[in-house]
Structures are given as structure tokens and as C-alpha cells.
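Open the model in your viewer and keep the sequence panel beside it. The tour goes from the whole chain to single side chains, one selection at a time.

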Amino acid sequence: MVAVVLLAGTLLCTSCIGSFSLFNKYEKWQCNMTSNKYVNGIVGLILQPICAPVCCVVDALVLNTIEFWSGNNPMSASVGDTFEMQGRDGRYYAVKVLKDGYEVKAPTGEVTLFTHDAQNDSWSMKQDGKVIDIFRFNEDGTIEAYLQNGQTLTVSPDEAGLMQVQEAVADMNANYFAMR
């Protein structure tokens, strides 16, 4: 059993699939959190059993998959970096990393800002001078989604929660067209 776990660990941490940016950022932070290498080592002993495996799994299953298919790892981007992403419409959008979010420039020149408010842990979108709240992370681990009709929907942060939001948006659009 131990051999299987070690073998799996070596396969996940070889960086042959992706850059493992989250783990590398965690490792850099852990080694440089203070100017005292002994304090860093002690804190590392406490955090390592929890943080390192989580970072490796998130990198291997999520971030490296995004990097493989898009060519860009979301964790490897730094403030000021710009890269292109293909939208669902097949067109390419320029995405610039900001200190508190992203600036997305459409092929038509239209600019949309996605901004994170650290104070209330929420995301909003600003387009044509109009700010629209998108969602907020609640303290209990749920997500509060702001719908286009002004209502809110509290969901779990998983596939079931995403499906609830998609269904609510689809129902709103169906009702809108039925009213026309």
C-alpha cells in the first residue's frame, strides 16, 4: 500500500503534465514567509502534511488540466500579464491580469472588468460603466449567486450548486421569452 501511494505521488509531482504552479507558489511562500529559516521550517512541518497534498491534487486535477487544454495555467499568471482565451463563440479575447481581477477585451474592443472585492469576498462585473454583482463566498462555505432578475440563490460550491444556478438562469430566460 505504501509503495502504491509513493508511486502515485511521484507520478503526480513530476511536472510532466503541467507546471504545478499552485504547489510551487505554496513552496516559495513557505520557504520565505519569515527571514528566519528555523521558523519557516517549524511552520512547514505543521502545514506540509495538509497543504502540500492539497496543492498537488488541485494542480494535477484542475489547474494542469486547464493548462493542458488552454495553454495557460491560471495560477502562473502575474499582475500585468495578458493572454488570449477562446470564447464559446470561437473568437479570441485578450485577458489581462489585474491586482484584484481581470480585464477582458473582446475582438470588437469592448472591455469588461471582473473584480474581486476582498472585503466581502465577492466578484462583480463592470461593463459600459454599469457594475453587476456576480457572486459572493459566504462564511459557511456556500456561494450566494446574484441572478439577473435581482434575486439571489445560495448554493453549495460543487457541481450540484453550479447546476442549480444554470437551471435558475435557464428558467429566467424561458420565462422572459414566454412573456414576450
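## The whole chain

Start with a cartoon view of the full chain, which has four helices and eight strands. The model is a predicted one. Follow the chain from the N terminus, and the elements come in the order α-α-α-β-β-β-β-β-β-β-β-α.

Now switch on the surface. The accessible surface of the chain is about 12,900 Å², and carbon and sulfur atoms account for 61% of that area. Of the 180 residues in the chain, 22% are buried. If you display contacts between residues at least 6 apart in sequence, 17% of them join residues at least 24 apart.

## The sheet

Hide the surface and select the strands. How are the eight strands arranged in the sheet? They form an open sheet in the order 1-2-3-4-5-6-7-8, with antiparallel pairing. Strand 1 (82-86) and strand 8 (152-155) are the edge strands; each has a single partner strand, so one side of each has no neighbour in the sheet. Look along the sheet to see the twist, which averages 25° from one strand to the next.

As background for the pairings that follow, strands in a sheet are joined through backbone hydrogen bonds, in a parallel or an antiparallel manner.

## Strand 1 and strand 2

Select strand 1 together with strand 2 (residues 92-98). Five bridges pair the two strands in the antiparallel sense. For one of the bridges, pick Gln-86 and find its partner Tyr-92 in strand 2.

Next, show the side chains of Asp-89 and Arg-91. These side chains meet in a salt bridge, with 2.9 Å from N to O. Both residues are partly exposed: Asp-89 has a relative accessibility of 43%, and Arg-91 has one of 36%. In general, side chains with opposite charges can pair when the charged atoms come close. The count of salt bridges is two, and another stop on this tour shows Arg-136 with Glu-144.

## Strand 5 and strand 6

Move along to strand 5 (residues 122-127) and strand 6 (130-137). The two run antiparallel and are joined by six bridges. Lys-126 is a useful residue to pick here, as it stands opposite Val-131 in strand 6.

Then zoom in on the turn. The hairpin of strand 5 and strand 6 has two residues between the strands, and Asp-128 takes a positive phi near 55° there.

## Strand 6 and strand 7

Keep strand 6 and add strand 7 (143-146). Three bridges join these antiparallel strands. Phe-135 stands opposite Ala-145 in strand 7. The hairpin has five residues between the strands, and Gly-141 in the turn has a positive phi of about 95°.

In the loop between strand 6 and strand 7, select Asn-138. Is Asn-138 buried or exposed? Its relative accessible area is 16%, which is under the 20% cut-off, so Asn-138 counts as buried. Leaving aside residues up to four places away in sequence, Asn-138 touches Ile-143, Glu-144 and Thr-154.

## Glu-144 and Arg-136

From Asn-138, step across to one of its contacts, Glu-144, which lies in strand 7. Glu-144 is buried, at 15% relative accessibility.

Which side chain makes a polar contact with the side chain of Glu-144? The partner is Arg-136, at 2.7 Å. The pair also forms a salt bridge, with 2.7 Å between the closest N and O atoms. Colour the two residues by accessibility: Arg-136 is partly exposed at 25%, whereas Glu-144 is buried at 15%.

Now show the other residues around Glu-144. Not counting residues up to four places away in sequence, Glu-144 touches several residues, among them Ile-134, Phe-135 and Asn-138. Its contacts also include Thr-152, Leu-153 and Thr-154.

## Strand 7 and strand 8

Finish at strand 8, one of the two edges of the sheet. Strand 7 and strand 8 pair in the antiparallel sense over four bridges. Pick Tyr-146 and look for its bridge partner in strand 8, Thr-152. The hairpin of strand 7 and strand 8 has five residues between the strands, and Gly-150 takes a positive phi near 95° in it.

Technical notes:
Residues numbered from 1 in each chain as written. Predicted model: local features only at pLDDT ≥ 70, side-chain atom pairs only at ≥ 80, totals over all residues. Heavy atoms only, no water. Buried < 20%, exposed > 50% of the residue type's maximum accessible area, 1.4 Å probe, protein only. Contact = heavy atoms within 4.5 Å. Areas by Shrake-Rupley, 256 points an atom, 1.4 Å probe, with all protein chains shown as cover. Pairing = 2+ DSSP bridges. Axes fitted to C-alpha atoms, helices over the stretch in contact; angles between N-to-C directions. Polar contact = N/O pair within 3.5 Å; in protein donor to acceptor, adjacent residues only side chain to side chain. Salt bridge = Lys/Arg side-chain N within 4 Å of Asp/Glu carboxyl O.
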